[in-house]
Each structure stands twice: as structure tokens, then as C-alpha cells.
Amino acid sequence: MNRKHMSAGLAVLLSLAGIGGVSAQGNEAVASDVAPSSAVPSAREARLANRRLAKTVRSRLAKVKGIDVLNIVVVAKNGTITLGGSVPEAGQIELVVAAARDTPGVEAVNNALRVKAAGQ
Amino acid sequence: MLKRKSAAHMATALGVCVCSTHAEAQSNVTLYGIVDSGFFYSSKSIDSSGNRTGKKFALIDSGLSPSQFGLKGTEDLGGGLKLDFDLESGINMTNGGYNSSNGNFFGRQAWMQLRSDIGNLKMGLQFSPFFLTLYDLDPRGLAPFGTSVVHYIDNVVGTGLANANAISYTTPVMAGLQASVMYAFGGSPGDFQAGQQYSASLKYDNGSLLLAASIYNGNAGGTAASTPVPTTVEFAGRMIGGGYRFGKLTVKASYTSYKVAGAMSNNVWGGGADFLATPEIDVNAGVWYASDRNNTANHSLLGSAGINYYLSKATTLYGQVAVVNNHGAMTTGLSVNGALKEGAGTSVGGAIGVRHMF
């Protein structure tokens, strides 16, 4: 699992660095031939990277003692995490924000968490 | 003499000890609650004896969340041990009476709990692990309008929702896993079986994938048989389901069986999705198919959808629609409040309201 993440992360880094040839997509290799230094990740790659980062944050939140992840919604966009949904106790919000902020790859955190307990 | 002296010393030391922990201990009490009310419409209705009574326009209580107020508190006892308590009353916003509870003053929750790193031990009136799993697996947040709680209350009323005389133990989360067991004493002199109830649940959640299963077994009778709203319906319940979160989208599916003594034995398959379009706008939808194992001619299909607009952290505007189709003797309703039961054929309903949490 981690290795998969790492290799995927590496692929993103390589493509960011303009070494797009390794992604084995013909058109990208051509693009990097034309402008090797200005290659940007394709929309699809950016979307995958966002999804991967959101998933990493979610699994990190699930491991922190005292956080109930059930109704937390994590959305990532270019390193910015938006936290939506709810936690059952107000005290958990700062734990969630701190854990999200500490996740590698996260640059900023927008907190829109609300409080809603089980059965509410 | 020496002994007495050392005992006195110890008492002094203890006294100091108790005092110092008191000085450090943080304790607090919070008043909290929900007021939720809205306009309700249904194309058809039935009265208590099952006769059709036509269209209905009404102001209803609790369209999105059960209206309630409560007091909860925590004291840090030191050494990683905390004492929590919760006293919660279900209120009816349309007439000021009781609702969403067993009908008593603190008829939703009335418990105290010892919380530590090795788990939580809770005593008193509480949600059973079975009911809490229903909450975990519902795609629409278990709103009283058009969700799996309509089936729950239709089958077993308040049993396991407000579970009286109960003691439960919940483990800490370990590798994403959490288990909970509950036992409720019947309390009848000379009859250990009467009103005895137990429930257990097991949940796995890694932040993306959710899996949960739970059981409930309860006998009729016992001391809790006197609650104004029935909470000792004799039944055996089984539930299993799961969910997955993809960014803004969460999908869930579940299977629940309610084997009720002397009544229908319903299987309910449900599923749905919840989409947080922006942090302020949530849309969700669910569908539930129910079938009576004793006679499969009795079946129903309930579908519902809702939109929540979070006006602020505390106030939500909501709109919900539901449609139910009943066959045979099945009387699945649209909403716990206003239309818990509907007659044969298709009924359509909607609710628009406001929820404020404090």
C-alpha cells in the first residue's frame, strides 16, 4: 500500500519535474520533448494526486485517538484540504485540523466542520 | 499508637492528594440541544386504525434531526480516567411535549460513564450498539424523515433506541476496529428473563472504508415496560453494512433484519449516497426495500432525497422529498413525525424546515 503510494507520488514528482517520459504515455513524452522545463501535470494527474492526498488525510485522521471519522468529509485541491461534514464533539475539531495540517503534502487547511453527535 | 498515627498520616496524605487532584481536575457542564421544525405535506395518510384519510398539510417536529435539549458534563478524575454524564430530553417543537424518546423527561439519554484508555463503561438509559450502527450505516444521517429510522421505529418503536436499565462497554479504536457490547437488566423480581435485552456491534473504519455489523436481542416485560413509549418490544435484530468515501461523495449500503415476536419479520435492504457539494450544501438520497419473511406479499419500497443548506455552523435549512410504495399489509411510512405509517399503494411527501443546534 505504502509502496504504491510512494511510487505514485514519485510519478507525480517526476512528471512535475518535466521527466514525463517515464509515465509511458506517448503524447506526454512528446510534450516533454517540446518543452521539457514547463511541463505541468495533466488534469487527470492532478485529480489523482488530489484524491490520493485526501485519502492519506482520511487514513491519518482514522488513526488519531479521540477523532471520530465517521462523518468527516475530506476534499483536497493542490495541497489545500477542506474539512467538511461533522464530528460528534466540538473538542475534536482542533484534533482533526491539527492532524490534517501535519499530513505530508498538505499546505493549507480550510475548516468547515460542524458538531453533530450520534443520534442527532 | 504508631499504627493510628500512620493511618492519620495516610488520611492527611490522601486528603492532600484528593485536594490536589480536585484543584487540577477540570469539570464542566454544557447545556445543548436541537430545535427542528418544518412544513410537511403528504399525498395520502392513514389514521391509527388504518383507514385512509387523504392529503395532509402539517407543521411537524424534527424533520432533519430529533429536537432535544440536554445537559452533559465531564470531570477529569486524573490518571487518564474521566467521568462523563449526559441527560437528554426529546422535545416536540409543535406542542412542547415529549418526542423522539421513551416519553419520559430525560427519555433519550440518561447515563454516566467512566472513560479511559481501555474503553468506556456506560450505565443508564442509552442508545444500544444496534441503534448506533443504524446511525453509522444510514446514507442520509438518519434524519427522522425518509431514512432507515422510519423502518426501525415502525418495527420496534423505541426498543434499543432509548435502552433503559443498560450497561455497556465500548473498546477503544484499535487498528480501525471498535467493538461495543450492551446488557440491559429486566429488573423483574423472580423473573430474570423478563425484559432482558442485549446488543453488540463491531465496526471497522479506516477513514475511507467503513464496515459495521450489529445484533440485538430483547425480551418483553421487565421494569422498562412502563415507559410511555414502548421500549421492550420483543425482537431479534441483525444488521450488516458498509460504506466508502470518495472525496465529497460517501456511499453506503446495509441489510437489516427485524424479527418481531407476534408481528412481521422484516428484511430491509438499503443504500444511498451523500454528496457534500460545497462545505455549505449537502445533497443526499437513499432507497430502502422491505419484505416480510413471513409473507413476502407484504413489501415496500421507500425512496427519499434531501438537500441541506448550512446557513451557519448552527442553523440549517432543509428540504426533503420521499415516496413510498406499499404492498400487502406493509405500512412503511414517509417520516417518523407526521407519517410513520402509510397505506397500500403509492404515497408522496415532502418537508421543508429549519434546524438550529445549540
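This report walks through a predicted model with two chains, A and B.

**Overview of the chains**

Chain A has 120 residues, and 30% of them are buried. Chain B has 358 residues, with 46% buried. The table sets out a few values for each chain.

| Chain | Residues | Helices | Strands | Buried residues |
|---|---|---|---|---|
| Chain A | 120 residues | 4 helices | 4 strands | 30% |
| Chain B | 358 residues | 3 helices | 19 strands | 46% |

**Confidence in chain A**

The average pLDDT of chain A is 78. A score of at least 70 is reached by 68% of its residues. One stretch needs care. Over residues 1-38 of chain A, pLDDT stays under 50. The model has 28 contacts beyond four places in sequence for this stretch. Where pLDDT is low, the predicted coordinates should not be read in detail.

**The layout of chain A**

Read from the N terminus, the elements of chain A follow the order α-α-α-β-β-α-β-β. Take the contacts in chain A between residues at least 6 apart in sequence. Of these, 53% join residues at least 24 apart.

**Helix H4 of chain A**

Helix H4 of chain A spans residues 92-101. Which of its residues are buried? They are Gln92(A), Val96(A) and Ala100(A). These three cover an arc of only 70° around the axis, so they sit on the same side of H4(A). Glu94(A) and Ala98(A), on the other side of H4(A), are exposed.

What do the buried residues of H4(A) pack against? Their partners are H3, S1, S2 and strand S3 (108-111) of chain A.

**Val109 in strand S3 of chain A**

Strand S3 of chain A contains Val109(A). This residue has 19 C-beta neighbours inside 10 Å, and therefore counts as partly exposed. A residue needs 20 or more to be buried.

Set aside the neighbours of Val109(A) within four places in sequence. Val109(A) is then in contact with Ile81(A), Leu83(A), Val97(A), Ala100(A) and Arg101(A). Ala100(A) is also one of the buried residues of H4(A). Asn71(A) lies 38 residues from Val109(A) along the chain. The C-alpha atoms of these two residues are separated by 17 Å.

**Where the chains meet**

How many residues of chain A are in contact with chain B? There are 19, and they touch 18 residues of chain B. On the chain A side, three elements give two or more residues: helix H3 (43-63), strand S1 (72-77) and strand S2 (80-87). H3(A) gives the most, with 7 residues. By type, the side of chain A that touches chain B holds 9 nonpolar, 6 polar and 4 charged residues.

H3, S1 and S2 of chain A thus appear twice in this account. They give residues to the side that touches chain B. They also pack against the buried residues of H4(A).

**The overall form of chain B**

Does chain B have the radius of gyration of a compact globule, or what value does it show? With 358 residues, a compact globule would have a radius near 21 Å; chain B has 23 Å, which agrees. Its C-alpha atoms fill a box of roughly 85 × 55 × 45 Å, taken along the principal axes. Among the contacts in chain B with a separation of 6 or more, 58% are between residues 24 or more positions apart.

**Helix H3 of chain B**

Helix H3 of chain B covers residues 148-156. Why is this helix largely enclosed by the rest of the structure? The reason is that 9 of its 9 residues are buried. Among them are Ser148(B), His151(B), Tyr152(B) and Asp154(B). Val157(B) follows H3(B), and its phi is positive, near 55°.

**Three strands of chain B in a row**

Strand S12 (residues 249-260) and strand S13 (residues 265-278) of chain B pair in the antiparallel sense over 11 bridges. Val251(B) stands opposite Ala273(B) in S13(B). The two strands form a hairpin with 4 residues between them. Gly262(B), in the turn, has a positive phi of about 70°.

S13(B) also pairs with strand S14 (residues 281-292) of chain B. This pairing is antiparallel too, over 12 bridges. Here Gly272(B) stands opposite Gly286(B) in S14(B). The hairpin that joins S13(B) to S14(B) runs through 2 residues.

Technical notes
Residues numbered from 1 in each chain as written. Chains lettered and ligands numbered in written order. Predicted model: local features only at pLDDT ≥ 70, side-chain atom pairs only at ≥ 80, totals over all residues. Buried ≥ 20, exposed ≤ 12 C-beta atoms within 10 Å, placed from the backbone. Contact = placed C-beta atoms within 7 Å. Nonpolar A, V, L, I, M, F, W, Y, C, P; charged D, E, K, R; others polar. pLDDT = per-residue confidence, 0-100. Arc of directions from axis to C-beta. Pairing = 2+ DSSP bridges. Rg over C-alpha atoms; globule rule 2.2 N^0.38 Å.
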